[in-house]
Amino acid sequence: QVQLVESGGGLVQPGGSLRLSCVASGIDISGYVMYWYRQAPGKQREQVARVTRSGILTYEDFVQGRFAISRDNAKNSIFLQMNRLKPEDTAVYYCNANHITGLGVETDYWGRGTQVTVSS
């Protein structure tokens with residue numbers, strides 16, 4: 001059974017920092033592109049950051065320069081360091097593992113999310 005378990009969320013003041021973790025079991029994440037997504041109340045889920053199998057990092061404009069994604073294949077984990085948090089960063093943050101074969105068959109796994117609230 002595949003599980004992705006996020007942790008590290010919580011309540012933080014604007015300008016503060018949090019570090020999210022996602023631990024995978026049942027899969028070897030070295031074979032997957034790993035993502036962080038988020039979903040704010042009343043909004044659609046949106047991609048935040050991505051780390052490819054080779055370690056290429058991609059960020060959405062709204063977190064560029066503030067967030068940092070990383071992966072540790074030995075620990076079967078990814079992380080999201082979030083700095084200079086803003087109230088608009090408030091959302092449930094989800095970990096995603098994605099793999100597409102050469103034939104176009106896609107495998108996609110999601111965690112249950114961790115709540116991040118930025119408020120004074």
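# Exercises on a predicted model

Tyr35 and Tyr37 are both buried. The model you are looking at is a predicted one, and these exercises start from that pair of tyrosines.

## Exercise 1: An aromatic cluster

Find out how the rings of Tyr35 and Tyr37 are arranged, then look for the residues that share a cluster with them.

Step 1. A useful starting point: a pair of aromatic rings is described by the distance of the centres and the angle of the planes.

Step 2. Searching the whole structure turns up 4 aromatic pairs. In one of them, the ring centres of Tyr35 and Tyr37 are 5.6 Å apart with planes at 35°, so this pair is tilted. The reasoning rests on a cut-off: planes under 30 degrees apart would count as stacked and over 60 as edge-to-face.

Step 3. Now turn to Tyr94 and Trp110, an aromatic pair with 6.5 Å from centre to centre and 80° between the planes, which is edge-to-face. Tyr94 belongs to strand S9 and Trp110 to strand S10 (residues 106-110), so the pair ties together parts 16 residues apart in sequence.

Step 4. Are Tyr94 and Trp110 buried or partly exposed? Tyr94 has a relative accessible area of 12%, so Tyr94 is buried. Trp110 stands at 34% and therefore counts as partly exposed.

Step 5. Put the pieces together: Tyr35, Tyr37, Tyr94 and Trp110 make up one aromatic cluster.

## Exercise 2: A charge over two rings

Work out over which rings the charged end of Arg45 sits.

Step 1. Begin at Tyr94: the charged end of Arg45 sits over this ring, 3.8 Å from its centre.

Step 2. Continue to Trp110, where the charged end of Arg45 also sits over the ring, at 4.6 Å from the centre.

Step 3. The solution is therefore Tyr94 and Trp110, because the charged end of Arg45 comes within 6 Å of a ring centre and within 35 degrees of the ring normal in such a case.

## Exercise 3: A network of salt bridges

Trace the salt bridges that involve Arg38, Glu46, Arg66 and Asp89, and see how they connect.

Step 1. Keep one general idea in mind: side chains of opposite charge can pair when their charged atoms come close. The whole structure holds 3 salt bridges.

Step 2. Start with Arg38 and Glu46, whose side chains meet in a salt bridge of 2.8 Å, N to O. Glu46 has 31% relative accessibility and so counts as partly exposed, whereas Arg38, at 6%, is buried.

Step 3. Follow Arg38 to Asp89: these two form a salt bridge, with 2.9 Å between the closest N and O atoms. This pair links distant parts of the chain, since Arg38 is in strand S4 (residues 33-39) and Asp89 in the loop between S8 and strand S9 (91-100), 51 residues apart.

Step 4. From Asp89, move on to Arg66. Here the closest N and O atoms of the salt bridge are 2.7 Å apart. Arg66 is in the loop between strand S6 (57-59) and S7, while Asp89 is in the loop between S8 and S9, so parts 23 residues apart in sequence are tied together.

Step 5. How buried are Asp89 and Arg66? Asp89 is buried at a relative accessible area of 1%, and Arg66 is buried at 6%.

Step 6. The salt bridges share partners, and they join Arg38, Glu46, Arg66 and Asp89 into one network.

## Exercise 4: Building a sheet

Put strands S1, S3, S7 and S8 in their order within the sheet.

Step 1. Strand S3 (residues 18-25) pairs with S8 in the antiparallel sense over 6 bridges. One place to look is Ser21, whose bridge partner in S8 is Phe79.

Step 2. Strand S7 (residues 67-72) is joined to S8 by 6 bridges, again antiparallel. Arg71 has Ile78 as its bridge partner in S8. Between the strands of this hairpin are 4 residues, and Asn76 takes a positive phi near 55°.

Step 3. S1 and S3 form an antiparallel pair over 5 bridges, where Leu4 has Ala24 as its bridge partner in S3.

Step 4. The order is S1-S3-S8-S7, an open sheet of 4 strands with antiparallel pairing. Strand S1 (3-7) and S7 are the edge strands, each pairing on one side only. From one strand to the next, the twist averages 15°.

Step 5. Finish with strand S8 (residues 77-82), which is mostly covered: 5 of its 6 residues are buried.

Technical notes: Residues are numbered from 1 along each chain as its sequence is written. This is a predicted model: local features need pLDDT of at least 70, side-chain atom pairs count only at pLDDT 80 or more; totals for chains, interfaces and linings use all residues. Side-chain values use heavy atoms; hydrogens and water are left out. Buried means under 20% relative accessible area, exposed over 50%, partly exposed in between (1.4 Å probe, protein chains only). Helices (H or I, at least four residues) and strands (E, at least two) are DSSP runs, numbered from the N terminus. Two strands pair if DSSP finds at least two bridges between them. A salt bridge is a side-chain nitrogen of Lys or Arg within 4 Å of a carboxyl oxygen of Asp or Glu. Axes are lines fitted to C-alpha atoms, for helices over the stretch in contact, and angles run from 0 to 180 degrees between N-to-C directions. Rings of Phe, Tyr and Trp (its six-membered ring) pair if their centres lie within 6.5 Å; planes under 30 degrees apart count as stacked, over 60 as edge-to-face and the rest as tilted.
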